[in-house]
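Work through the exercises below with the model open beside the text. Try each task before reading its solution.

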Amino acid sequence: MFSMFVYTNNYLKCGIVRVSHFHEREYKFSTRAPCKYSFQPAFVGTHDLIDRRKLHFQARGSKYHKMSSQVMEKTESNVAVEDSLRDLPLSNSYETAMEALSSLITRQKRGTPSSVGGKYGKFDRMQMYLKILNLEEHIPELKIIHVAGTKGKGSTCAFCEAILRECGFRTGLFTSPHLIDVRERFRIDGFDISEDKFLLHFWDCWNQLKEHVSDDLPMPPLFQFLTVLAFKIFVCEKVDVAIIEVGLGGKRDSTNVIKEPVVCGITPLGMDHTEVLGNTLGCIASHKAGIFKPQVPAFTVHQLSEAMDVLHEKAHELAVPLKVVEPLDHKKLEGSKLSLSGDHQFTNAALAVSLCKCWLQRTGNWEKIFQNDNPESNMPEAFLRGLTTAHLYGRAQVVHDSSSNCHFGSAPADNSSGDLIFYLDGAHSPESMEVCAKWFSSAVQESKQLPNLSSSSHDVESMKEVWGNGYIQSERGNTNESNKISKKILLFNCMEVRDPQILLPQLVSTCASSGTYFSKAIFVPSISTYNKVTSGTSAIPSGISNQDLSWQFSLQRLWEKIIHGIEGDVVLDESSKLDSAETLPPREFLYEDASRCSPADGNLACSSVISSLPLTIKWLRDCVRENPTLRIRVLVTGSLHLVGDVLKLLKR
């Protein structure tokens, strides 16, 4: 479908001329520079090109203001890109690009083998793709920080990006997966790459690779393509530093074509992706240590001995100076708070601080910025700004739903609706589920300090804080707090390759140890599918006909066993309501006494299966609209797909 791309010689010169705070670098490109563009995507015939204006611009250098992480103006080159792309055809649309990306998915669901043809192995293919795009010689210029791990690698990368941006550098950040829109994977200076710039780089990358497709060298699978695209974006945008998060494992990950990183990091390790990485911590650690490069410094955090022994062994083999970082002392924050919530973030923040200090020292920039300051002394002010402003979607993120306060007709009185608060964390491993449970328990106990958001202009600004940084900042206090009826709801789904018999008990027991108990649990299928890439504006079905809910019903059975202390392989009555959930539960479901719940009798007061996530969100909103005294706190977890789907719905 996407093989009929028309390749022309309409080139577009590279988008931004970077003006570094400390130095300017000259880039000497070969004849076919990686930042000259050809974009004629699918379905464009030759006759369509006759009257089309040639797209050509020279990006203009612009002074680049730093030290303010909250507000950044568009650069002149952004305006140039937007002006130049305005006349692109509809076939260049973002949704067309998403369809093209979807065509690169080589497996229908996680856990099934990938079917990539050709005679070359993954890394041979990656090198060939980079050569086609003329990127090989330019990757070292990105001065990369490479980060692997099981838990916290996204947070660590986000902290690194924010710190170095606050130090005055032009940053590129590549993370995965995305939650709402694929552009989240590519950040330039703290912002997701713009839609126009994404299309610019995407179609050029696609067209060049498509020109070289053969039986021996097929188009790259999705993650390989996105990795190559990240390198292309960062080279063309002339970033000073690229922070690259490993996708899966390390040794065999597509990002491991990086030969000369400045520094490497390994975040906390645990049991995840065992079908690929092995079923022991030692095997997993061996894969993660695969990003180590000879004599390149590396940092890690405290690990279990089985993992730490492997990391030290691999480091010794490659003469890698490996240092173990202690969790960050909160006193070093000088009264400020980490922008990413949870005690575990002190470990991730400490690792990020060490990686950034090492990067600054190895690139010769520490002395230029901090002059004679000792790297081991007090935390530099720029580091503090980075640690307190970094953001990452879907990890320990709190969102007050403002739509539940929307009314139609006459203007309502203040506080005429209840509160609907979402706590979102994409935990999907036993270790991360424990961390998630501790964070949620702590967050709901501290929630009296959070604002009671309504529809005022002040709240619009508060929502900007939520979406920008994943937490709420407000000086407004709560009213009528003691009159609220509080309900804690679990909204859960996980992929079938996960083990809910470990995840759900871990969640329940950890919450209970902190005195946190769920009133109800709702099990829903995710909207996102493993075999389709969607954007933030893709259509969302309100309901799914003939949806297979067998997995959700199995999760519900497990939940009922946990809540009622049913042990062993006891099978609940298959004729009960467990397999005959209504489309939506009645409003009374929220208020039913759990003591009346008797799964064996088919009386379920503790859980529900709902066939549609959009209907679930609407139902929750309707509940709080109808009862001003109700406060519902919803923990969304078990799957990053589910978290992303909820965020997408809440943003609309």
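**Exercise 1.** In this predicted model, find the helix that holds Ser155, and decide whether Ser155 is buried or exposed.

Solution.
- Step 1. Ser155 belongs to helix H4, which covers residues 153-166.
- Step 2. A residue counts as buried when its relative accessible area is under 20%.
- Step 3. Ser155 has a relative accessibility of 5%, so Ser155 is buried.
- Step 4. Leaving aside residues up to four places away in sequence, Ser155 touches Leu340, Gln345, Asn348 and Leu392.
- Step 5. His391 is 236 residues from Ser155 in sequence, yet the two C-alpha atoms are 8.0 Å apart in space.

**Exercise 2.** Write down the strand order of the open sheet of eight strands, and explain why strands E4 and E8 stand at its edges.

Solution.
- Step 1. Strands of a sheet pair through backbone hydrogen bonds, in a parallel or an antiparallel sense.
- Step 2. The order here is E4-E3-E2-E5-E1-E6-E7-E8, and the pairing is mixed.
- Step 3. Strand E4 (191-192) and strand E8 (322-325) each have a single partner strand, so one side of each has no neighbour in the sheet.
- Step 4. Inside the sheet, strand E1 (residues 144-148) and strand E6 (residues 263-266) run parallel and are joined by four bridges.
- Step 5. In this pair, Ala148 stands opposite Ile266 in E6.

**Exercise 3.** Which strands of the sheet does H4 touch, and which does H10 lie across?

Solution.
- Step 1. H4 packs on the sheet and touches E1, strand E2 (171-174), strand E3 (186-188) and strand E5 (241-245).
- Step 2. The direction of H4 makes about 170° with that of E5.
- Step 3. Helix H10 (residues 345-362) lies across E1, E5, E6, strand E7 (298-301) and E8.
- Step 4. H10 runs at about 170° to E7.

**Exercise 4.** Is Thr171 buried or exposed, and what does Thr171 touch?

Solution.
- Step 1. Thr171 is part of strand E2.
- Step 2. The relative accessibility of Thr171 is 0%, so Thr171 counts as buried.
- Step 3. Without residues up to four places away in sequence, the contacts of Thr171 are Glu161, Leu164, Arg165, Arg187, Ile188, Asp189, Gly190, Val239 and Val241.

**Exercise 5.** For helices H10 and H6, set the reach from first to last C-alpha beside the expected value, and state how many residues are buried.

Solution.
- Step 1. H10 has 18 residues and reaches 25 Å, close to the 26 Å expected at 1.5 Å a residue.
- Step 2. Of the 18 residues of H10, 15 are buried, so the helix is mostly covered.
- Step 3. Gly364 follows H10 and has a positive phi, near 75°.
- Step 4. Helix H6 (residues 222-236) has 15 residues and reaches 21 Å, close to the expected 21 Å.
- Step 5. H6 is mostly covered, with 14 of its 15 residues buried.
- Step 6. Lys238, just after H6, takes a positive phi of about 50°.

**Exercise 6.** Describe how helices H8 and H9 pack.

Solution.
- Step 1. Helix H8 (residues 281-288) and helix H9 (residues 305-317) pack at an angle of about 35°, and their axes are 8 Å apart.
- Step 2. The crossing of H8 and H9 is right-handed.
- Step 3. From H8, the residues in contact are Leu281, Gly282, Ala285 and Ser286. From H9, they are Glu306, Ala307, Val310, Leu311 and Lys314.
- Step 4. Sorted by class, this contact of H8 with H9 has five nonpolar, two polar and two charged residues.
- Step 5. An α-helix has 3.6 residues a turn, so residues three or four places apart point the same way.

**Exercise 7.** In what order do the strands of the six-stranded open sheet stand, and which helix packs on the sheet?

Solution.
- Step 1. The order is E9-E10-E14-E11-E12-E13, with mixed pairing.
- Step 2. The edge strands, strand E9 (397-400) and strand E13 (607-609), each pair on one side only.
- Step 3. From one strand to the next, the twist averages 20°.
- Step 4. E11 and strand E12 (residues 520-523) pair in the parallel sense over four bridges, and Phe492 stands opposite Phe523 in E12.
- Step 5. Helix H18 (residues 640-651) packs on the sheet, touching E9, strand E10 (419-424), E11 and strand E14 (630-637). The direction of H18 makes about 145° with that of E10.

Notes:
Residues numbered from 1 in each chain as written. Predicted model: local features only at pLDDT ≥ 70, side-chain atom pairs only at ≥ 80, totals over all residues. Heavy atoms only, no water. Axes fitted to C-alpha atoms, helices over the stretch in contact; angles between N-to-C directions. Helix = DSSP H or I, 4+ residues; strand = E, 2+ residues; numbered from the N terminus. Left-handed = near helix turned anticlockwise from the far one by under 90°. Contact = heavy atoms within 4.5 Å. Nonpolar A, V, L, I, M, F, W, Y, C, P; charged D, E, K, R; others polar. Buried < 20%, exposed > 50% of the residue type's maximum accessible area, 1.4 Å probe, protein only. Pairing = 2+ DSSP bridges. Expected span 1.5 Å × (residues − 1).
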